[in-house]
Each structure stands twice: as C-alpha cells, then as structure tokens.
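Got the viewer open? Let's take a short walk through the model, one selection at a time.

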Amino acid sequence: MKQNGLKPTTVTYTILLRGLYRDGRMKTAQRFLNEMQSFGLSPNEVTYTTMLDGLCKNGKMKEAIELFESMEGAGISAINYRYSILIHGLSQVGRLEDARKLFNGIPNKGFVPDVVTYTTMIHGLCCNKMLLEAEKLIMEMEEKGCLPNARTYDIVIRALLIAKETDKALHFLRKMRENEFAPSDFVVFLFNVHSFSR
C-alpha cells in the first residue's frame with residue numbers, strides 16, 4: 001500500500017490491530033499504533049474498542065484498565081459494549097470483585113446496563129461458580145425491564161447443569177421456552193446426559 005503511494009487510514013490501522021491482537025502479537029500491534037499516531041492519525045472509537053478487546057483477550061488487564069480510563073479524557077464515551085469487554089476480561093483473569101465493582105458503577109456513569117452487559121456479568125459469575133449471584137442478577141435484570149436473551153439463559157442453564165442443579169436448570173429452561181428461545185445444542189446435550197445419569 002505504502003509502495004503504491006497510498007496512505008493508510010485509521011480504518012486500515014484498526015483492521016491491522018485487530019488481527020495482531022487476535023494472534024497475540026502485542027509488540028507489533030504497539031508498533032503499528034505508534035506509527036499510526038506518528039502519521040498524525042488519531043484512534044477513533046472503533047480503534048479504542050479494538051485495543052481494549054485486544055488487551056483483555058491477551059490478559060493485559062492493567063493496560064486495558066488504563067486505556068478504559070483514558071478514553072474519557074479523549075472524549076470517547078464508555079458505552080455498554082466497552083464495559084462488557086472489560087467486565088469479561090476481568091472475570092476471565094479471576095478479578096471478579098473488580099468486574100462486579102465496574103458493573104455496579106455503570107449507573108453512576110449515566111448508563112443502564114443492557115442485555116449484553118448483564119449477560120457478560122452473569123457469565124463471569126457462572127464461570128466463578130457463583131450461581132446464586134447469577135440467578136439473582138438474572139432476576140434483577142428482568143425486574144429492571146431488561147429481558148434475558150437466549151445466550152443469557154444458555155449460560156445460566158449450562159452452569160446449573162454442570163453443578164448438577166437440574167431442577168433449577170429446568171426452571172430456567174421453562175422460562176427460556178416461555179420467551180420463545182431455543183436452547184443451544186450443548187445445553188440439550190447436557191440435559192440428555194443428566195437424564196441418563198439419574
């Protein structure tokens with residue numbers, strides 16, 4: 001591209017960054033980010049989101065938190081999707097209390113958690129075997145008018161089945177069907193395994 005006299009844009013660099021983060025090539029990603037800025041190009045909202053996701057997926061939580069906090073200074077609003085990325089990243093590295101604190105602080109920033117943000121927090125709780133908390137959160141989201149989606153139910157049902165809490169899993173399966181959602185193939189498989197083992 002450069003050899004043909006074409007100048008890379010912010011979009012070009014963002015696409016490169018996404019691929020580099022996906023492959024775990026953090027140093028190369030940083031080099032391209034520096035190059036982009038040396039050409040007078042500023043990261044846009046998509047670039048920031050790509051960087052945040054890349055840092056989280058590569059376990060660089062300190063850098064991800066710093067980036068998240070710096071976004072406000074750069075005039076980038078911390079939308080629900082960015083909260084979800086950071087909540088997921090924190091949960092994955094065992095920093096559930098930090099994830100919960102971030103989740104609970106969302107209303108203080110003038111946002112209302114959406115179904116993706118709730119589901120991300122519920123997933124973090126389930127992964128850390130905090131099933132009672134996850135159940136409470138799914139009820140809270142319903143009370144606040146945020147309806148769970150198929151993924152939300154799938155996550156909770158799967159965790160309950162793995163914990164051998166079949167009756168509770170069946171309760172959520174009924175709720176899932178009442179809302180006209182179909183369980184994933186894996187949840188169906190788990191139900192079949194549990195029915196054979198009873």
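What pLDDT does the protein chain average? This is a predicted model, and the chain averages 89, with 96% of the residues scoring at least 70.

Color by confidence and start with the two extremes. Select residues 115–127: this is helix α7, which has the highest mean pLDDT among the elements of the chain, at 95. Now jump to residues 185–197, helix α11, where the mean drops to the lowest value, 69. A word of caution for such spots: where pLDDT is low, the predicted coordinates should not be read in detail.

Next, go inside. The largest nonpolar core has 56 residues, and those touching the most other members are Leu52, Leu86, Ile87, Met121, Ile122 and Ile157. Show helix α9 (residues 150–162) too, since its seven residues are the most that go into this core.

Zoom in on Met121. Skipping neighbours within four places in sequence, you'll find Met121 in contact with Ile87, Leu96, Ala99, Arg100, Phe103 and Leu137.

Last stop: the cysteines. How many disulfides does the count come to? Zero. Select Cys56, which is in no disulfide; its nearest cysteine sulfur belongs to Cys127, 15 Å away. Cys56 is also buried, at 9% relative accessibility.

Then pick Cys127. Its sulfur has its closest cysteine partner in Cys126, but the two sulfurs are 7.0 Å apart, so they are too far for a bond; the cut-off is 2.5 Å. Unlike buried Cys56, Cys127 is partly exposed, with a relative accessible area of 43%.

Methods. Residues numbered from 1 in each chain as written. Predicted model: local features only at pLDDT ≥ 70, side-chain atom pairs only at ≥ 80, totals over all residues. Heavy atoms only, no water. pLDDT = per-residue confidence, 0-100. Helix = DSSP H or I, 4+ residues; strand = E, 2+ residues; numbered from the N terminus. Core = buried A, V, L, I, M, F, W, Y, C linked by side-chain atoms within 4.5 Å. Buried < 20%, exposed > 50% of the residue type's maximum accessible area, 1.4 Å probe, protein only. Contact = heavy atoms within 4.5 Å.
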